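Hi there,

Here is the structure I promised to pass on to you. Have a look at it first, and then read on for my notes.

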Amino acid sequence: MAKKLRAGFVGCGGIATQKHMPSIATTDKVDMVAFCDIIEERAIKAAKDFGTPEAQTYTDYKKLLEDKTLDMVYVLTPNKSHSYITIEALESGKHVLCEKPMAKTSKEARAMVEAAKRTGKLLTIGYQSRYQPHSKYVKQAIERGDLGEIYFAKAHALRRRAVPTWGVFLNEEEQGGGPLIDIGTHALDLTLWFMNNYKVKSVMGNVYKKLNENGNCGNAFGPWNPEEFTVEDSAFGFITMEDGSTIILESSWALNLVEAYEAKATLCGTKAGVDMKDGVRINGDDIGRLYEKTPNLKAGSVAFYEGESDDPNVQEQLNFISAIEKGTPLTILPEQACVVTEVLEAIYESAKTGKLIEF
């Protein structure tokens, strides 16, 4: 049998134990041997549930990084610590998968990109929405030229009432923001990837704290404490690219609308348009008549890895593992994720100053 890769985890909270660790276990290609969390009990439980018999636990990530047998490290901490833990992990000789968003600030994100280049180690970011069947279909249609030149798009990250009330999601110091940096980041990453356009000219934005005070309003995750809700409940951005194309980014955890959907995009091109509100719907004109078509994505799709799971969380792991083992391309490049962080930061800055932020 081929020797398995050895993985360590910094952060053993929900995103680790509900997303990454179960998905890694499904691949049967990685031994999970090191677990770190500032709450020791979480590290111990994660090691018991997912680790090898000899798995080690830590409360100091620096101690974990001293393990020279580790091939890869997962940085699954609050946004505030993504940058420096990732950089130290890269410098210690490990490949890194860091959860989204890449960092709180563009300066931190750029430092992560530079660290990956300097060390020659792989760095990727947890934007698993790219692996969804509908996302892969849209990307393939665009690459085939079905939409023509895409000059207008909307990046959707809208929830009616789904404010995360656990962990540090409502803490601006730890996270850097609310729905914009939490779920808006997925929608923007997806849209830029679809368009294959990362050259931003300018950004304007607005953020709102309109529903924060009403903690008991039918939230999917239960009432929140208004005193702890220090981030925005909604944020919106207007992004102009160097080639003149336009992206509108809309994000909310709590907004008075019925049609709520996230990690989706609407794209308008010279040949056709596409939206992802209910699967995939393509529209255009043909022989003087307007048309709409909806492909059946439940009938099977072209997987990134033949014969493997089509679960996007598993696909994310397989891409990272294959890049390490075989040198195959990463789907999510750190340079792309850095642009996402730069735009999010610009929306916050524009909202704060009331000014257009030019790149």
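Before the loops come up, a word on the elements: helices and strands here are DSSP runs numbered from the N terminus, with at least four residues (H or I) for a helix and at least two (E) for a strand. Please also keep in mind that this is a predicted model.

**Backbone details**

Let me start with proline 101, which sits in the loop between strand 5 (95–99) and helix 5 (106–119). The peptide bond that leads into this proline from lysine 100 is cis, and its omega is near -15 degrees.

Two residues other than glycine have a positive phi and may be worth a look on your screen. Aspartate 28, with phi near 55 degrees, belongs to the loop between helix 1 and strand 2 (30–36). Its relative accessible area is 48%, so aspartate 28 counts as partly exposed. For asparagine 196, phi is about 50 degrees, and the residue is in the loop that runs between helix 8 and strand 8 (200–208). Asparagine 196 counts as exposed because its relative accessibility is 59%, and the cut-off for exposed is over 50%.

**Glycine 11**

Where does glycine 11 sit? You will find glycine 11 in the loop between strand 1 (5–10) and helix 1 (14–27). This glycine is buried, because its relative accessibility is 6% and buried means under 20%. Leaving aside residues up to four places away in sequence, glycine 11 touches Ala16, Cys36, Asp37, Leu76 and Thr77. There is also isoleucine 38, 27 residues away along the chain, whose C-alpha atom is 7.8 Å from that of glycine 11.

**The largest pocket**

Two of the residues that glycine 11 touches, Leu76 and Thr77, come up again here. The largest pocket has a volume of about 1300 Å³. It is lined by 47 residues, and those closest to its centre are Gly14, Ile15, Leu76, Thr77 and Phe169. Which element gives the most to the lining of this pocket? That is helix 1, with four residues. Helix 4 (82–91), helix 7 (172–175), helix 8 (179–195) and strand 11 (262–269) are also among the elements that each supply at least two residues. Sorted by class, the lining of the largest pocket holds 19 nonpolar, 17 polar and 11 charged residues.

**The second largest pocket**

The second largest pocket encloses about 350 Å³. Its lining has 19 residues, with Glu172, Gly176, Gly177, Tyr348 and Glu349 closest to the centre. Helix 7 and helix 10 (334–353) are the elements that give two or more residues to this lining, and helix 10 gives the most, with six. By class, the lining of the second largest pocket has six nonpolar, five polar and eight charged residues. Helix 7 thus appears in the linings of both the largest pocket and the second largest pocket.

**One cavity**

How many cavities of 30 Å³ or more does the structure hold? There is one, and the volume of the largest cavity is about 30 Å³. Leu97, Thr124, Ile125, Tyr131, Glu316, Asn319, Phe320 and Ile332 line it. Strand 6 (123–126) and helix 9 (312–326) are the elements that give two or more residues to this lining, with helix 9 giving the most, at three residues. The class count for the cavity lining is five nonpolar, two polar and one charged.

Enjoy exploring it!

Best wishes

Note on methods: Residues are numbered from 1 along each chain as its sequence is written. This is a predicted model: local features need pLDDT of at least 70, side-chain atom pairs count only at pLDDT 80 or more; totals for chains, interfaces and linings use all residues. Side-chain values use heavy atoms; hydrogens and water are left out. Buried means under 20% relative accessible area, exposed over 50%, partly exposed in between (1.4 Å probe, protein chains only). Contact means heavy atoms within 4.5 Å. On a 1 Å grid over the protein atoms alone, a cavity is a set of points where a 1.4 Å probe fits but cannot get out, and a pocket is an open set with protein on both sides within 12 Å along at least five of seven lines; lining residues have an atom within 4 Å of a point. Grid points are joined across faces, edges and corners, and a volume is the space filled by probe spheres set on the points. Ala, Val, Leu, Ile, Met, Phe, Trp, Tyr, Cys and Pro count as nonpolar, Asp, Glu, Lys and Arg as charged, and the others, Gly among them, as polar.
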